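Hi,

Here is the structure I promised to pass on. Have a look first, and my notes follow underneath.

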Amino acid sequence: MAQPPSAVLVARAHSRGRLCHIILLLITIACNANALEKLEYRVAKTPWDEALGNHRAIVNVPEKSNAVSVAIPWRRHEREPEKRNIIVVDAKSGERVKSVSRGEINREVGTITFEAKTAGDYYVYYAPFTTQPGWGFYSGDYTPIENTADKAWAESLKNRARLLNVKAIAIESRLAFDQVDPMEVIATKEETDALLKRYSDQPMLLFPEDRKYPIAMTEDLPLRWIEKGPASEFNADAQKNEYYAFQVGVYAAHAALSDLRAVFGDFKNDGGQVLDASHFTCFNLHGRDPRGDAVYTSINVAKATIQALWFGIDIPADIEPGTYHGTLKIGADGVNPQEIQIALKILPTTLDDRGDSDPARFSRLRWLDSLAGMDDEIVAPYMALRAVAKKKRSIGFLGRELEYAADGSLTQIAAGDRDLLQAPLRFVVETSKGPLTLKGDPIAMVMKSPGTQILETHRNGSGIELRTQLRAQFDGHIDCKYVLTSEQNIDVKDIRLEIPLAPKYATYFMGAGRKGGKRPSNYTWNWTGPYDSFWVGDVGVGLHVELRGSTYNGPMLNLYHPAPPPTWSNGGKGGVSIAEAKDNVMVRCFSGARTLHAGESLTFEAGLLITPVKPLDPAKHFATRYYHGTPLAPPDEDVKAGVNVVNVHHDTEPNPYINYPFIATKEMKAFVDAQHARGLKVKIYYTVRELTNHVTEMFALRSLGNEIFADGPGGGYPWLREHLIDHYTPSWYDTVPGGTIDASITTSGESRWYNYYIEGLGWLVKNVGIDGLYLDDVAYDRTILQRMRKVMDRAKPGCMIDLHSNTAFSIGPANQYAEFFPYIDRLWFGESFKYNEEPPDYWLTEISGIPFGLMGDMLQDGNRWRGMIYGMTARLPWDSDKFKANPKPMWKEWDDFGIGGAKMIGYWDEHCPVRTSNPNVLATAYVRPDHVMIAIASWDAKPADVKLLIDWKTLGIDENTAKIHAPAIKDFQDEKTFKSGDSITVQPLQGWILIVGP
């Protein structure tokens, strides 16, 4: 049993001010016969059925009675307890008590009457709900209130003079994770009013708290604070090299508080050593955003609400042990600062990892401000930017180059010997008199490093000033920023970016409202739907264009639904158009008519990415074979078949909770070490779109308002309703191994959580040994992925990232994620892809990754015949009678043929040495010096008899002696032999693998 409040209070009184508070409180308790008792709070020895809810009261009945009454002082944080069902169970027999009557039910107390057929303990479950096995999104709710008492018993209560009054003796939580004590046990209104009366002259009250007790509530004072009272002192023990975190609760006692501020002084020990104020920070008030820019937050606190402020102390490794004394001053507009005297005892021991291996230390809160990977260094396979030989104004990238003119226009974009532009790409301001001619100094280099070059020019004319900045990075990305300022009111017809393309290479188009496929001759799009980008080009050269300036520029536009960039969209007048002419294909990013007002500045920004982003590497692709499923570790037979990479999804023993792989790190490291011993690499699921409710820093992150977590109506799984209450959006729900529920909530998009995520990724690579990431639809943009790649490669060169997406989250993932591709090793585009219904040009642009220098795998029911046209199979262990997707038979054929030494030449290449006589039956050749593998697949609606059209001379094979053999491949084809000129029957949705050689 817990000590009575008086004993607790006296035991904790250790200063004169605190003792005065305790005496006053004891007087209040003594004068208030109706004060609520504080019960013992504990965790059940054995968890009960989840359907009964997360909490119960234990009521002791000394003797049996037809009707006992109990007032349970449950002090509930959750809202609307009067709407929850109540179930009473005899603790000894386990039988449910049907004769139950509800009395007054509120957040402070619940009064019920029930029949006790035996003496002993009874369990009162006061928030039962519907359970939901499996995964997805929680669709259940609290169970409705039941009236189970028979009419006669209920009527008998009316005639009963008195009831047997019994007491609740404890509140139990089903699991430790469900606990509410001490920070979610609410003070009553009477207790709160008494506290306010005692401090009627103080506009705010401060409650320092150890990190052990994260401040969870914002609208209720915890009973713990009523017992302790406000404090002006705080004592802490820390180790050398520790990053020590603590918190202060600020309570707006009598009026709202505006613009909170917190200031540390220097800390000194008795020997005069100083820990200066630069070692202290408040995460709520300032930090660094994912771009590295300083952020300062103005915090206002509504009357009668609590704001938790989280602080960090960066303790040096070489500090002298001892106790350091200093002050923390917290104030607000019009409110005199209050001081907290802090005694920080530095122990002689050193914490080598700063505390990061123990989430409960909250040392990782400093990761929120991490700048890891935020530099200009280059990552493999890229090289330093360079000038192209014999080209005056040029920038060379890996396999690509850019030329520019003195006025800032781009005169050529090329990959190898393929020139994409038919004429310069330029920014145009057009009035009724035509495009304006602007003059000024030639473009100049203002910043040059191996990884970045920035060029700027300033030009003007006709009352217009245009500042152009081109920022080129080593991955082939060019950020083009045009800042337009008018000296007078000017009516303009259009402001646009013109991209004149060579027709030969303007073959395909996707984005801006269109699925990937053949480029239309003429097309116009006006910012309908959640798009902001497009890609146009061919396999050998292309250009991805993102029109920037919105509140969100990441890939998941249909999750966040940002408004279109105001300068480009211009109230719906802007858009993208394609117009095919005789000598060029003109793509225009237009904004339409508007009036430029004197002194007004408009910024138009476009991100360009030259494709392919890296050389295609089929040999590496065919040698890297994935396992992603159950059982978690691939069987030996799969490893023998070539599996060498294992993806560990969330909802697994080593990685139980979504996007927070820091709880089962021992289990994860054991798994990683075991797979490394087998010669396998291990990658994990770890993204940021949503975050598990098991995140240790939950309430610290919630104290940042909606910076980390998206605002929303609340609801969802009961744990969220009982602890977070409101201002969140429920997301993924899962039952993890062991039966625990993982109930995530949606994150806000770009925030300091990205910094935490990147720093955490580096920690996992270094300390757990993971070999990379499996990304499943992520919200951040290319700059974050670039930082991630740097952090991983520095910790362990050769780390891998594969990207999975479905059409529901990212519309057309190849277009939406194009800016990721320089840092991605492999694609896995599936879920809601209709492999059997889409034409070849969709496969090429939206699924395969080939135009971007990547290759991929298929998911679930991918068409295995069509997949081989693009070098794709499914992953293990995807196999069933439905899918028949087991890739092992095809992998064996790859190995028997030696596909790693072959040159892949697809139907999209004009030099492909193999075609068929039917344009709907396509062929890809995998060419070795003395023989070739031919993959053919049909997009014809009917069985097709086709002949192979083979360039024998190019292959170096004698047609007269050549053998065409179809090897037996399980669930793919039976063995068969053909001769040159034979007709080959290809069934709809199917194809062949043919080996041709002497």
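How many nonpolar, polar and charged residues does the lining of the second largest cavity have, by class? Before the answer, one caveat: this is a predicted model, so please read everything below with that in mind.

The lining has two nonpolar, five polar and five charged residues. The residues around this second largest cavity are Asp-532, Ser-533, His-544, Glu-546, Asn-553, Gly-554, Pro-555, Asp-781, Arg-782, Gln-816, Glu-819 and Phe-820, and its volume comes to about 70 Å³.

Asn-553, one of those lining residues, sits in the loop between strand S40 (542–548) and helix H6 (557–560). With a relative accessibility of 15%, Asn-553 is buried. Setting aside neighbours within four places in sequence, Asn-553 is in contact with Asp-532, Glu-546, Leu-547, Arg-548 and Asp-781.

Searching the whole structure turned up four cavities of 30 Å³ or more. The largest holds about 90 Å³ of space. Its lining includes Tyr-41, His-55, Trp-74 and Tyr-126, and also Glu-722 from much further along the numbering. By class, that lining splits into five nonpolar, two polar and four charged residues.

Now for the packing. The largest nonpolar core has 235 residues, and the members that touch the most others are Phe-114, Leu-775 and Tyr-780. Helix H13 (residues 753–767) gives this core its largest share, nine residues. There is also a second, separate core of 34 residues, with Leu-206, Leu-275, Leu-328 and Val-335 among them.

Leu-775 is worth clicking on. Not counting residues up to four places away in sequence, Leu-775 touches a list that includes Tyr-686, Tyr-757, Tyr-780, Met-788, Ile-801 and Ile-824. Asp-777 lies in the loop between strand S51 (772–776) and helix H14 (782–795). Asp-777 is buried, at 0% relative accessibility, and has a positive phi of about 50° although it is not a glycine.

His-727 also has a positive phi, about 60°, without being a glycine. Its place is the loop between helix H12 (718–723) and strand S49 (730–735), where His-727 is partly exposed, with a relative accessible area of 44%. For context, most residues other than glycine have a negative phi, and most peptide bonds are trans.

On that last point, there are cis peptide bonds to look at. One joins Asp-181 and Pro-182, with omega about 5°, and Pro-182 falls in the loop between strand S10 (164–173) and helix H4 (189–198). Another joins Thr-630 and Pro-631, with omega about 0°. Pro-631 belongs to the loop between strand S45 (626–627) and helix H9 (636–640).

What about disulfides: how many does a search of the whole structure find? Zero. Take Cys-589: the closest cysteine sulfur, in Cys-480, is 11 Å away, so the two are too far apart for a bond. Cys-589 is buried, at 0% relative accessible area, and Cys-799 counts as buried too, at 3%.

One last spot is Ala-152, in helix H3 (residues 151–158). At 60% relative accessibility, Ala-152 is exposed. Ala-152 and Ser-99 are 53 residues apart in sequence, and their C-alpha atoms are 9.9 Å apart in space.

Cheers

Technical notes: Residues are numbered from 1 along each chain as its sequence is written. This is a predicted model: local features need pLDDT of at least 70, side-chain atom pairs count only at pLDDT 80 or more; totals for chains, interfaces and linings use all residues. Side-chain values use heavy atoms; hydrogens and water are left out. A disulfide is a pair of cysteine sulfur atoms within 2.5 Å. Buried means under 20% relative accessible area, exposed over 50%, partly exposed in between (1.4 Å probe, protein chains only). Helices (H or I, at least four residues) and strands (E, at least two) are DSSP runs, numbered from the N terminus. On a 1 Å grid over the protein atoms alone, a cavity is a set of points where a 1.4 Å probe fits but cannot get out, and a pocket is an open set with protein on both sides within 12 Å along at least five of seven lines; lining residues have an atom within 4 Å of a point. Grid points are joined across faces, edges and corners, and a volume is the space filled by probe spheres set on the points. Ala, Val, Leu, Ile, Met, Phe, Trp, Tyr, Cys and Pro count as nonpolar, Asp, Glu, Lys and Arg as charged, and the others, Gly among them, as polar. A nonpolar core is a set of buried Ala, Val, Leu, Ile, Met, Phe, Trp, Tyr and Cys residues joined through side-chain atoms within 4.5 Å. Contact means heavy atoms within 4.5 Å.
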